[in-house]
Amino acid sequence: MVNDAELAVHSIVLEDPPLNFDSQPKVNKQLVVFDFDWTFADQDTDRWVHEVLSPRLRIEFVKRKPTMQFTDMCAYLLQELHKEGHSRAEVEDALRRMPLHPAMIRGVRTLQAKSTPNTDFLLLSNSNQVYIDTILEHNHLLDPPLFKEVITNPAHFEPSGLLRLRRRIAPDQVQHACKVGCSANMCKGDELKAFLNRHTTESYERIIYVGDGGNDYCPVLRLNKNDMALVRRHRGLAKRILEEGQVQCNVRYWSGAWEAEQWLEVLAAC
Ligand SMILES: [Mg+2]
Ligand SMILES: [Zn+2]
């Protein structure tokens, strides 16, 4: 018998993983929360832009990450990208070329079509508004809108073409008190809780959190036994769940978007 949690962290890449998409209880209303980088999208926005446009800055990214706050570092690297002469059009073009798996798009659109108004979608990401809007628009996910809200770091292009990025919680604002390890710019657990407080009338009977990274552990810890975490294998979230435990919700695993699509099909059927 394969231990799914061990497999999720330690196995080699599973081209043909176990097919265990078990059915879930029926609910009247559910909320599907997506992380963006390496979850909804099959790449990481902050790294991708430099991989496409500036190998030098992709290396700088690795060198500076251990010592700088993540959003501040991304903002700094965007200033450097601008100094290298890369235009707004080049950044937007790089984003449009970023991989978004067709199975993921098909999965969410199918779930949306089959279960409107019983399923809402929320995007909760440490990327930024410009990256996400550009990619969602290019993939026809803004019309009609898939996500009820997008919660991320603010960003905008200045007239010079510089992409100006800021932390969601600015350094001069009251800082979050998260002890689970969320980065200073945002506590994803707090943001999920605040979203639920803004939408108490929706009476969500189940929350499904789809994520991959270590910073998705905090919101997953806030879920209860009726909820579900759909965790991408071989990445930080699977590792933290295995090593730190304490998760109350049901945990299921996936590697490729084609598997996530099967889970979305399960949720569409209930
Ligand atoms: Mg991620
Ligand atoms: Zn947190």
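In which loop is D212 found? Keep that in mind as you work through these exercises on a predicted model.

**Exercise 1. Place D212 in the fold and decide whether D212 is buried or exposed.**

Start with the secondary structure: D212 sits in the loop that joins strand 6 (206-211) to helix 10 (217-221). Next, count neighbours: D212 has 23 C-beta neighbours inside 10 Å. The cut-off for buried is 20 or more, so D212 counts as buried. Finally, list the contacts, skipping residues within four places in sequence: D35, W38, T39, R232, R235, G236 and L237.

**Exercise 2. Do the same for D35, and find which annotated site D35 belongs to.**

D35 lies in the loop between strand 1 (30-34) and helix 2 (36-40). With 24 C-beta neighbours inside 10 Å, D35 is buried. Setting aside residues up to four places away, D35 touches F40, L124, S125, V210, G211, D212, G213 and D216.

Now turn to the record: an unreviewed UniProt entry carries a "binding site" annotation covering D35, D37 and D212. These residues span 178 residues in sequence, yet no two of their C-alpha atoms are more than 8.2 Å apart, so they gather at one spot.

**Exercise 3. Describe how helix 7 and helix 12 are oriented and which residues join them.**

Take the geometry to begin with: helix 7 (residues 102-115) and helix 12 (residues 257-268) pack at about 5°, their axes 8 Å apart. Angles under 35 degrees count as roughly parallel, and therefore helix 7 and helix 12 are roughly parallel to each other.

Then look at the residues. Helix 7 contributes A103, M104, R106, G107, V108, T110, L111, K114 and S115, which meet A257, W258, A260, E261, L264, E265, L267 and A268 of helix 12. Sorted by class, this contact has 10 nonpolar, three polar and four charged residues.

**Exercise 4. Work out how helix 6 meets helix 8.**

Helix 6 (residues 88-96) and helix 8 (residues 129-138) pack at an angle of about 55°, with 9 Å between their axes. That angle makes helix 6 oblique to helix 8. The crossing of the two helices is right-handed.

For the contact itself, E92, L95 and R96 of helix 6 meet Y131, T134, I135 and H138 of helix 8. The residues in this contact divide into three nonpolar, two polar and two charged.

**Exercise 5. Characterise the contact of helix 3 with helix 4.**

The axes of helix 3 (residues 45-53) and helix 4 (residues 55-64) come within 6 Å and cross at roughly 145°. R47, H50 and E51 of helix 3 make the contact with L57, R58 and F61 of helix 4. By class, the contact has two nonpolar, one polar and three charged residues.

Terms used:
Residues are numbered from 1 along each chain as its sequence is written. Chains are lettered from A and ligands numbered from 1 in the order in which they are written. This is a predicted model: local features need pLDDT of at least 70, side-chain atom pairs count only at pLDDT 80 or more; totals for chains, interfaces and linings use all residues. UniProt positions are given in the numbering used here, feature names are shortened, and annotations may be inferred rather than shown by experiment. Helices (H or I, at least four residues) and strands (E, at least two) are DSSP runs, numbered from the N terminus. A residue is buried if 20 or more other C-beta atoms lie within 10 Å of its own, exposed if 12 or fewer, and partly exposed in between; C-beta atoms are placed from the backbone. Two residues are in contact if their C-beta atoms, placed from the backbone, lie within 7 Å. Axes are lines fitted to C-alpha atoms, for helices over the stretch in contact, and angles run from 0 to 180 degrees between N-to-C directions. Angles under 35 degrees count as roughly parallel, over 145 as roughly antiparallel, 65 to 115 as roughly perpendicular and the rest as oblique. Ala, Val, Leu, Ile, Met, Phe, Trp, Tyr, Cys and Pro count as nonpolar, Asp, Glu, Lys and Arg as charged, and the others, Gly among them, as polar. A crossing is left-handed if the near helix is turned anticlockwise from the far one by less than a right angle, and right-handed if clockwise.
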